[in-house]
Amino acid sequence: MTTTQLVLLIVGSVIVLCIIAGVLGRWIWRRGLRVPLVVRLINRASGQVIELIKQPLTIAVLDEVADVLRAGHYTRNVAAALRENRVELKAMIAEKIKQDPTTGQIRLLPFHDRIINEVSETTLRVILEVLADPRTDELVADVLRDNIAQLRQAVRELKVE
């Protein structure tokens with residue numbers, strides 16, 4: 001078994017024991033009986049085990065998520081979504097340009113709809129080219145790397161507190 005599978009097996013066993021102890025304790029308490037020593041010990045021990053494995057398990061899951069995030073090509077995904085919704089985005093950009101107070105005077109120009117249409121098309125084309133640029137992939141990778149480092153640091157600091 002791998003370390004992850006072993007940890008998950010232990011966690012699952014502890015959770016099952018906690019549930020059994022909780023149900024048994026509630027059943028005994030409803031009957032007016034005192035909770036047996038074994039149930040109290042299981043409850044106490046399971047809480048300690050959970051506290052003991054909580055952080056290593058969180059770090060292991062975070063490492064797995066980080067590996068998955070590093071493998072992704074997010075700018076390609078965004079570009080694909082923009083291409084898929086190009087017509088709606090173009091209409092939305094044109095609408096926002098018409099509503100913008102600084103560009104509202106465009107209505108006074110002849111062929112203002114064509115100008116806005118060309119600006120919308122150019123905007124989408126430039127965005128798609130920026131997303132296709134490898135430097136944008138590098139930027140997203142740097143952002144992810146820094147965020148993952150911050151998450152790891154935050155998880156490690158939780159143990160200290």
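**Salt bridges in the predicted model**

In this predicted model, Arg145 and Asp142 pair up through their side chains, forming a salt bridge with an N to O distance of 2.9 Å. Both residues sit in helix H6, which covers residues 134-160, and they are three residues apart, or about one turn of the helix. Neither end of the pair is buried: Arg145 has a relative accessible area of 48% and so counts as partly exposed, and Asp142, at 27%, is partly exposed too.

Arg145 has another partner as well. Its side chain also meets that of Asp146 in a salt bridge, this time with 3.4 Å from N to O. Asp146 comes out at 39% relative accessibility, so this residue is again partly exposed. Elsewhere, salt bridges with shared partners tie Arg86, Lys90 and Glu121 together into one network.

Then there is Arg135, which forms a salt bridge with Asp133; here the closest N and O atoms are 2.6 Å apart. With a relative accessible area of 63%, Arg135 is exposed, because that value lies over the 50% cut-off.

Taken over the whole structure, the search turns up five salt bridges. Among them are the pairings of Arg145 with Asp142 and with Asp146, along with the one between Arg135 and Asp133. As for the general background, side chains of opposite charge can pair when their charged atoms come close.

Conventions
Residues are numbered from 1 along each chain as its sequence is written. This is a predicted model: local features need pLDDT of at least 70, side-chain atom pairs count only at pLDDT 80 or more; totals for chains, interfaces and linings use all residues. Side-chain values use heavy atoms; hydrogens and water are left out. A salt bridge is a side-chain nitrogen of Lys or Arg within 4 Å of a carboxyl oxygen of Asp or Glu. Buried means under 20% relative accessible area, exposed over 50%, partly exposed in between (1.4 Å probe, protein chains only). Helices (H or I, at least four residues) and strands (E, at least two) are DSSP runs, numbered from the N terminus.
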